[in-house]
Amino acid sequence: MNRPLLFLDVDGPLNPYAAQPERRPAGYITLRVPQDSGTPDEHRGLSARRRPLRVWLNPEQGRPLLQLGYELCWATTWMDEANRWIAPVLGLPELPFVDFGDALFQARPDGVHWKTGPLVDYADGRPFAWVDDEQSDPDQAYVTAQHPGPALLHHVNPRIGLRESDFHALTDFARSMDTPRARD
């Protein structure tokens, strides 16, 4: 059987952006990522300069992520830029990513997060876990109704990021895929 997918969000789970700004969490390093501010002509003006984005990452998290028993996939607004900025710091190889296309940041009237539909489509019936800080009950209901395979929506507190307990929950879910199912 194929390994389940692990959809990884960056901001929240890997970058505990909501932690107190003056208190970088233990084990994390600070990465400064330049923010794109428009056309090349706009880059020349002082008013177009934007402060780099502060990102906190724990370089020790890459190896445990690779050992979880999943096929890793970025599920983040960073999309392919996560391979440029995030993966090298964590020691991850280049990973596939979900291209959210027109769904990016598009609010839905049913309260389902804009990532949820594209993730279910990308999984195409495969078991998956989704690590994020923004899932809610409507997302779980949507996944339950629209996805035929097992799925774990695992919420991570954006003030603390991934912790040992999160890795345990993900490991348990991946192992459950190896358990023979009872026959009807």
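His113 sits in the loop between H4 and H5. In this predicted model, His113 is buried, with a relative accessible area of 11%. Leaving aside residues up to four places away in sequence, His113 touches Arg108, Trp130, Glu134 and Asp139. One of these contacts, Trp130, belongs to strand E5, whose two faces are both covered. The points below start from the overall layout and then turn to the sheet, the helices, the cores and the aromatic rings.

**Overall layout**

- The protein has 7 helices and 6 strands.
- Along the sequence, these elements follow the pattern β-β-α-β-α-β-α-α-α-β-α-β-α.
- The protein has 184 residues, and 43% of them count as buried.
- Take the contacts in the protein with a separation of 6 or more: residues 24 or more positions apart account for 66% of them.

**The sheet**

- An open sheet is formed by 4 strands, in the order E4-E1-E5-E6, with parallel pairing.
- Which strands stand at the edges? They are E4 (71-74) and E6 (151-155). Each has a single partner strand, so one side of each is left without a neighbour in the sheet.
- From one strand to the next, the twist averages 20°.

**Strand E5 and its partners**

- Strand E5 covers residues 128-132 and runs parallel to E6, joined to it by 5 bridges.
- On the other pairing, E1 and E5 are parallel over 4 bridges.
- Phe128 appears in both pairings: Leu5 stands opposite Phe128 in E5, and the bridge partner of Phe128 in E6 is Ala151.
- Further along E5, Val131 stands opposite His154 in E6.
- Is E5 mostly covered or exposed? It is mostly covered, as 5 of its 5 residues are buried.
- In a regular strand, side chains alternate between the two faces of the sheet.
- On one side of E5 lie Phe128, Trp130 and Asp132; on the other lie Ala129 and Val131. All of these are buried, and both faces of E5 are covered.

**Helices on the sheet**

- Strands E5 and E6 are joined by 5 bridges, and helix H6 (residues 137-146) packs on the sheet, touching both of these strands.
- The direction of H6 makes about 170° with that of E6.
- Helix H7 (residues 164-176) also packs on the sheet, where it touches strand E1 (5-8), E5 and E6.
- The direction of H7 makes about 180° with that of E6.

**Nonpolar cores**

- Nonpolar side chains tend to be buried together in soluble globular proteins.
- The largest nonpolar core here has 30 residues. Which of them touch the most other members? They are Leu6, Leu65, Tyr70, Trp74 and Ile86.
- Two or more residues of this core come from each of E1, strand E2 (29-33), strand E3 (53-57), E4, helix H3 (81-85), H4, E5 and H7.
- H7 gives the most to this core, with 4 residues.
- Tyr70 touches Arg3, Pro4, Leu5, Leu6, Ala129, Leu170, Phe173 and Ala174, not counting residues up to four places away in sequence.
- A second, separate core has 17 residues, including Phe7, Cys73, Ala75 and Val143.

**Aromatic rings**

- The count comes to 4 aromatic pairs.
- Why is the pair of Phe100 and Trp114 edge-to-face? The ring centres are 5.1 Å apart and the planes stand at 85°, so the pair is edge-to-face; planes over 60 degrees apart count that way.
- Phe100 lies in the loop between helix H4 (87-90) and helix H5 (116-123), and Trp114 in the loop between H4 and H5. The pair therefore ties together parts that are 14 residues apart in sequence.
- Both Phe100 and Trp114 are buried.
- Trp114 also pairs with Phe105: this pair is tilted, with 5.2 Å centre to centre and 55° between the planes.
- Within that tilted pair, Trp114 is buried at a relative accessible area of 12%, whereas Phe105 is exposed at 57%.
- Phe7, Tyr122 and Phe128 form one aromatic cluster.
- Over the ring of Trp56 sits the charged end of Arg54, 3.6 Å from the ring centre.

Technical notes
Residues are numbered from 1 along each chain as its sequence is written. This is a predicted model: local features need pLDDT of at least 70, side-chain atom pairs count only at pLDDT 80 or more; totals for chains, interfaces and linings use all residues. Side-chain values use heavy atoms; hydrogens and water are left out. Two strands pair if DSSP finds at least two bridges between them. Axes are lines fitted to C-alpha atoms, for helices over the stretch in contact, and angles run from 0 to 180 degrees between N-to-C directions. Contact means heavy atoms within 4.5 Å. Rings of Phe, Tyr and Trp (its six-membered ring) pair if their centres lie within 6.5 Å; planes under 30 degrees apart count as stacked, over 60 as edge-to-face and the rest as tilted. Buried means under 20% relative accessible area, exposed over 50%, partly exposed in between (1.4 Å probe, protein chains only). A charge sits over a ring if NZ of Lys or CZ of Arg is within 6 Å of the ring centre and within 35 degrees of the ring normal. A nonpolar core is a set of buried Ala, Val, Leu, Ile, Met, Phe, Trp, Tyr and Cys residues joined through side-chain atoms within 4.5 Å.
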